[in-house]
Amino acid sequence: MDGAERIRTPFGAFLRSVGDDLADAASGSAGSSPPHDRSTWRQLLKPVIPRNGESLRGLVARACQNNHLPNSYGVLQHLGLVHRNRVLVAEDVSIDPAELAFAIRVDEDEVRIRRYDPVGPGKVSFFGFGINHRRIDTRTRMFSPAAFHGDDSGLPHYHRAIWELSDIPFCLEGWDMLQDRCGCETGGVVQRWTRTTTRIEECDKCGDPFAWIDPILVPERMRPSLGILTALLPERLVAGLDVGAVLPEPLRTIDRGFVLDTVLALARAIDPSSSGHSFEDPEARLGALHAACAAVIHWPHGLTDVNLDPGVSPITAERLCVAWHGLAPLARRGEKTRSRPAAVACSNGAFALKPIGIRPATEIARLSPEVLTAAWEHGLVTKHRRVHGTRLLPAYDPGELTVLGDAWRARHEPSALAYELGLPLYGIEQLAALGTLIADAVAIPGTGPHFTPAQIEAFLLALADAQRPVGNPMPLRQLMRRVGGRLKAWGPVIAALLCGDVPFTILGDGRLVDCISVPETCFGVLGALRFDRCEGTNFSFSKTMVQRDALELLNAPLDNAKILDGLKTTGTNPKLYRVDEVVQRSREIVALPEVAAILGMDPASAYEDVVRRGFWDKVVYKGAWPRDLLPELCRTP
């Protein structure tokens, strides 16, 4: 397909995010507002003055209240907001920042800086920091009674954007726990974003000020360590807050976003269930975050005093260790010397680096001791040895360590790539086993296929070039729900698309597989494809799968984990199921989405149909029937 014939779709935005060259090519077009007919735009009568650090949801709510609108949808419905009960004003890509700024009478930049625009797979920009979009609470209007009570500036009260971060459940300004409800009714009234009759600092039901609510104070002993967050958060959000906390000197010159990510990830690993503790018990709710903050204050040695939750997987623990020690070279960046590996004089007067031990090796490679030990054992580096007392220990070539470390950090892990592409992990393994996606990155044997950015870029570009117009298109994801009772042949299916056996097109901005559409008539070809894991004898397939992949195999919705009841699991974060046991479960049952896909109905209509035909009492798991009933379930009148 030549350049004139190539189909241009929003999927190109995803391609342009892969690789420096593509990213540079796309950067020139970002940030500008599309042309609009401003004569059709609506505008509120009274302006609103943004406060420093204010959330966009809070700013819009204040603008609506200031203009006596009973709810925010009165404005946002004209700007493209789809769901009236979800005020996704900072996330909804259909809302034009320029038009919103015009509507509430503020500068466009005041809206743009408060937007949570996508900056990568699963991440959004939070005032310039890239964070996981799931870490932002979009439903509940959290607040700090102490902050509202102590604000004597005379300016209108406002909602702090920091209060939307679910990982930071307290207010650095009021030093109290964030709350989400007013006690005007039994059980409390949870504060939402839709009603704007009352002010931002008042209950949206009774109108009482939140400043009247008794604050739950952060324990004094925790404040010195937790205060380090003011040195890690975007400056715009913590301006004026001076709690005396400072980062260790080596970390003060690097991107604070990296440090914040590491601290929050460490806190989640210390206590994965911390969010389940009541805000009325700050010792328990903040214990893990306090320990993580205390550790970073004593970086790099603070990690030795931290105890991770027993349920945290070894992979997660390794990633944390790598990230923690990975801050070291970032801190050293710009210095003339990186480290001081031992050196010996050569006969020509030059210096050659001699093999070094594990401790300095971790600093040079920026990898954990566990990774370096495994790399040495499996021959990824030259197997040097050194004498330590009466023992002979592994030693490493410093030059090889730099190369290994750079290659290790540049690679894409199979589970992360699977999520980004919208495939289960076993689908990525199939692609690698077939050679459709070449796994050429450095990896410890037995840990699955890993990929370099260049190979991923080549794979995505090949898909983009292979697409062609499709008549009567159907989403590939929906078509593949008709495949049950076995592992789906994702590898052969993608290979069939690439080689032109099946026409397809890529439309939309979501994950790759969610954007692919094929002719419905091609199901006979795609459904007949198989992949036998036993044939790839030299390929190491994972024997376990995460819950998301298990539900995908069973064609079950993500909220129906009950369908997995009775299967053995290991770990808690993530929970892992044996692949063979999930496959066996798929041979025994058929889930409602699979029936709906075969019938060509939506799940709700399919449910009504099977209930009407008397199959409800034959359910063996929530939303699932014995697979031998499939012919009867899918029989049409």
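Contact here means heavy atoms within 4.5 Å. All views show a predicted model.

**Figure 1. The whole protein combines 27 helices with 19 strands.** Of its 637 residues, 46% are buried. Contacts between residues at least 6 apart in sequence are joined in 65% of cases by residues at least 24 apart. The protein exposes about 31,200 Å², and carbon and sulfur atoms supply 53% of that area.

**Figure 2. Helix α13 has its buried residues on one side.** The helix spans residues 358-365, and its buried residues are A361, T362, I364 and A365. These residues lie on the same side of α13 because they cover an arc of only 165° around the axis. Their packing partners are α14 (369-377) and α15 (398-410). Following α13 comes R366, which has a positive phi, near 60°.

**Figure 3. Helix α14 is one of the elements against which the buried residues of α13 pack.** Helix α14 covers residues 369-377. Within α14, the residues V371, L372, A374, A375 and W376 are buried. G379, located just after α14, adopts a positive phi of about 75°.

**Figure 4. A nonpolar patch on the surface is formed by Y607, V611 and W616.** Together, the three residues present about 270 Å² of accessible area. V611 belongs to helix α26, which runs over residues 603-612. The relative accessible area of V611 is 33%, and V611 is therefore classed as partly exposed. This value also lies over the 30% relative accessible area that residues of a patch must exceed.

**Figure 5. Three strands form an open antiparallel sheet.** The order of the strands is β12-β14-β13. At the edges of the sheet are β12 (473-475) and β13 (505-506), each of which pairs on one side only. Strand β14 comprises residues 516-519.

**Figure 6. A closer view of the sheet shows the pairing of β13 with β14.** The two strands run in the antiparallel sense and are paired over two bridges. At one position in this view, T505 has S517 of β14 as its bridge partner. T505 lies in the part of the chain assigned to β13 (505-506), one of the edge strands of the sheet.

Notes:
Residues are numbered from 1 along each chain as its sequence is written. This is a predicted model: local features need pLDDT of at least 70, side-chain atom pairs count only at pLDDT 80 or more; totals for chains, interfaces and linings use all residues. Side-chain values use heavy atoms; hydrogens and water are left out. Helices (H or I, at least four residues) and strands (E, at least two) are DSSP runs, numbered from the N terminus. Buried means under 20% relative accessible area, exposed over 50%, partly exposed in between (1.4 Å probe, protein chains only). Accessible areas come from the Shrake-Rupley method with a 1.4 Å probe; for residues, only the protein chains shown count as cover. The arc is that of the directions from the helix axis to the C-beta atoms. Patches are made of residues with over 30% relative accessible area and no salt bridge: like charges are joined within 9 Å, nonpolar side chains (Val, Leu, Ile, Met, Phe, Trp, Tyr) within 5 Å. A salt bridge is a side-chain nitrogen of Lys or Arg within 4 Å of a carboxyl oxygen of Asp or Glu. Two strands pair if DSSP finds at least two bridges between them.
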